[in-house]
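Please look through the sequence and the model below before reading on. The paragraphs that follow take up a sheet and then a helix.

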Amino acid sequence: MTEFADRVERISISGIREVFEAAGEDAINLGLGQPDFPTPDHARTAAVDAVEAGKADGYTGNKGIQSLREAIAAKHERDNGLDIDPGDVVATAGGSEALHVALEAHVEPGDEVVIPDPGFVSYDALTKLAGGTPVPVPVRDDLTIDPAAVEEAITDDTAAFVVNSPGNPTGAVSSPADVREFARIADEHDVLCLSDEMYEHFVFEGEHRSPMEFAESDNVVVVNGCSKTYSMTGWRLGWVTASTRRIERMLRVHQYAQACAAAPSQYAGEAALTGPQDVVAEMRDTFERRRDLVLDGLTDMGLSVPTPNGAFYVMPEVPDGFVEGCLDAGVVVVPGDAFGDAGEGYARLSYANDEESLREALDVMRDVLASL
Ligand code: PLP
């Protein structure tokens with residue numbers, strides 16, 4: 001008998017954490033993947049009210065409370081033009097658990113999962129935990145996911161391909177034409193398209209579209225959540241939506257791994273989804289101003305930077321020693337290769353930070369570059 005399972009030995013703690021731990025306490029942290037805004041008051045209040053009324057003490061149904069799932073279905077109608085039955089939604093412990101149940105329910109040992117490179121760290125790790133083999137496909141020069149490259153990577157062993165727009169770490173937004181292609185590939189090759197739409201509301205140019213709008217088969221699973229949209233990373237509330245037969249399989253994993261999403265968070269999420277949405281627009285506008293500030297600053301330094309049209313990340317190409325130089329000078333940035341081999345030579349900067357800190361960080365980067 002072995003002490004530890006092979007599947008857990010095949011993954012390691014994300015490189016992002018290592019960077020944080022290397023940074024001093026006073027560092028300006030451009031490494032964080034979370035909005036720097038408070039959770040909206042009406043969401044906090046809804047959770048407090050539910051707790052005080054004794055409504056959040058027990059387990060909820062495995063899929064989550066009915067009113068939350070109705071709010072999620074209404075959100076998909078409002079934002080995506082999708083007609084989702086609230087029964088086809090499972091509330092999860094963040095987008096992370098949603099990705100986990102989706103891959104666990106669809107990937108067999110030996111299956112391949114095509115993932116964007118660079119891409120969010122969980123795609124690689126969760127594929128391995130499910131016993132599958134990640135097949136990283138480099139993004140285009142403008143950092144968008146290339147449907148032709150994805151299609152070329154599909155083999156008889158492919159169980160799924162993951163798309164993520166707006167993307168982490170790239171900030172890239174897929175065009176509607178590319179999203180249509182993702183849907184066609186899922187239909188024609190009869191493979192699952194796992195669409196991670198966590199950053200849906202932070203789009204500055206272009207528009208967010210979901211492959212679920214275009215697919216003719218039920219081969220699209222959508223992952224979304226409250227973490228980014230409503231600045232609720234600590235509440236751990238996400239969801240997965242798909243056809244009834246897929247939801248039923250994912251529910252089996254969720255039921256045994258999680259039972260249900262935390263009850264107070266479900267009430268908060270429902271209030272966030274059904275309450276005023278101007279908080280989201282304000283965050284989007286703030287992120288756009290900061291994106292412009294950072295993009296101009298990096299371009300002025302002579303760095304080559306694909307324009308990110310969404311999320312709150314920017315990925316410049318950087319010379320050797322840049323990431324370490326920034327860390328030594330008190331600015332945390334994440335090396336691009338923490339997100340896959342194709343990220344080598346890039347750094348990911350999160351501009352979920354106030355403008356003063358961003359300006360200060362840009363000054364430091366200028367000095368670091370000059371010293372290399
Ligand atoms: N998907 C992407 C692309 C992300 O960037 C993140 C978080 O950084 C997640 C999923 C996970 O979100 P959550 O914090 O809700 O688990």
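**A sheet and a helix**

Pro335 lies opposite Ala347, a residue of strand 12. The model is a predicted one, in which local features need pLDDT of at least 70 and side-chain atom pairs count only at pLDDT 80 or more, while totals for chains, interfaces and linings use all residues. Residues are numbered from 1 along each chain as its sequence is written, and side-chain values use heavy atoms, with hydrogens and water left out.

Strand 11 and strand 12 (residues 347-350) are paired in the antiparallel sense over 2 bridges; strands (E, at least two residues) and helices (H or I, at least four) are DSSP runs numbered from the N terminus, and two strands pair if DSSP finds at least two bridges between them. They belong to an open sheet of 3 strands, ordered 9-12-11 with antiparallel pairing. Because strand 9 (313-314) and strand 11 (334-335) stand at the edges with a single partner strand each, one side of each is left without a neighbour in the sheet.

Turning to helix 8, the buried residues (under 20% relative accessible area with a 1.4 Å probe, protein chains only; exposed means over 50%, partly exposed in between) are Asp178, Val179, Phe182, Ala183, Ile185 and Ala186. They cover an arc of only 155° around the axis, taken from the directions from the helix axis to the C-beta atoms, and therefore lie on the same side of helix 8. These buried residues pack against helix 7 (147-153), strand 5 (158-164), strand 6 (192-196) and helix 9 (211-214), contact meaning heavy atoms within 4.5 Å. The face turned away from the buried side of helix 8 carries the exposed residues Ala177 and Glu188. Just after helix 8, Asp190 adopts a positive phi of about 50°.
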